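Here is a protein chain to question. Each answer sets a value against a rule and then concludes.

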Amino acid sequence: MNTSSLSSACSFSGVALDSCGTQHAPHCTAPLAQKAESAQLPFHPCFNEKAHGRIARIHVPIAPRCNLACGYCERVISPSPDLTGPGSASEVLSPEQGIERTMKFLQQYGDKSIVGIAGPGDPLANPETMTFLERMQEEAPHIATCLCTNGLALPQYAEKLIELRINTLTVTVNGVTPSVIAQMQPRVLDSGTWLTGEEAGHLLISRQMEGLRKVAGHMTLKINMVIAPEINMSEVEAVMQLAVDSKVQVFNPMPLIPRHALRFTRKPTHDEIKHIYSLCPPSLSLFTKCKQCRADAAGIHGKEHSKCPTIV
């Protein structure tokens, strides 16, 4: 995507591109035109609905630090199964411990499994992430690797992620208008300084767009959007358009889990989620089965505690 398309993607938002326990989304059947592309997606349980419940994944909790303050995120180190989301983990591992756990996991679940990093902070705010991914390339270069990030540091690490042959990348984009983004993610850490309000929102969306442009075509991309109806429902179509313009393949709308600063903000209704599904353009594959997993999730979705135990 070139600079002109970047400007077009956010022309409606006022963004100036200058130098500067577990919540399930209500299940609805997406239009067939949006489902038709699933065969072209990697067989990844968080990207391809045909793989969901069939392919194992492990989230390796080696990234405790974060460069954003999200209103809906609580980073908690606790084994409690009631705590969901990538901000929750039983413990934080070193890259070496993460490799050891991953190798045990692959021995049990096989080489078609997905190895990902989703937290409990942001992977790109932790140098341990690159150490782990480099070790994975040495130990098991044939294994598909995955990363979930807020995108703030994506421009900085785009070339490195391409070099490390990351297969799939998820970026959480909650809006395109700085004032709306600021309500979802009120503070951004940039070069050691915390920015707030619309200044923070502008920086975040600009970095997300720049980072997506740099990695497009090198890996399969997904945009997650946390849906808080009272805040960012009006931004859904704009985020979808950004995804299309950025050559993103998958769109994943995630119902808000009311907590932390947004604990009094309501989650979307079934009809609101169904309406969002209906807006998804045919050029985007809609993902509807997200379980908003913990940063240390391991196994096959929905079967972690039955015949497919978590690796410890």
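Q: What makes helix H3 a neighbour in contact with strands, and which strands does helix H3 lie across?
A: In this predicted model, helix H3 (residues 95-109) lies across strand E1 (56-59), strand E5 (114-117) and E13. Contact requires heavy atoms within 4.5 Å. Helix H3 runs at about 170 degrees to E1. Angles run from 0 to 180 degrees between N-to-C directions.

Q: Why are strand E12 and strand E13 called edge strands?
A: The open sheet has 8 strands in the order E12-E11-E10-E7-E6-E5-E1-E13, with mixed pairing. Strand E12 (285-286) and strand E13 (298-300) each pair on one side only. That makes them the edge strands.

Q: How do you know that E11 and E12 pair?
A: Pairing needs at least two bridges. Strand E11 (residues 250-255) and E12 have 2 bridges, in the parallel sense. So the rule of at least two bridges is met. Val 250 has its bridge partner in E12: Ser 285.

Q: Why is Cys 280 called buried?
A: Buried means under 20% relative accessible area. Cys 280 has 3%, so Cys 280 is buried.

Q: What makes Cys 293 buried or exposed?
A: Its relative accessible area is 16%. The cut-off for buried is under 20%. Therefore Cys 293 is buried.

Q: Why does Cys 293 form no bond with the closest cysteine sulfur?
A: A disulfide needs two cysteine sulfur atoms within 2.5 Å. The closest cysteine sulfur to that of Cys 293 is in Cys 46, 5.9 Å away, so the two are too far apart for a bond. By this rule, the count is 0 disulfides.

Definitions and conventions:
Residues are numbered from 1 along each chain as its sequence is written. This is a predicted model: local features need pLDDT of at least 70, side-chain atom pairs count only at pLDDT 80 or more; totals for chains, interfaces and linings use all residues. Side-chain values use heavy atoms; hydrogens and water are left out. Helices (H or I, at least four residues) and strands (E, at least two) are DSSP runs, numbered from the N terminus. Buried means under 20% relative accessible area, exposed over 50%, partly exposed in between (1.4 Å probe, protein chains only).
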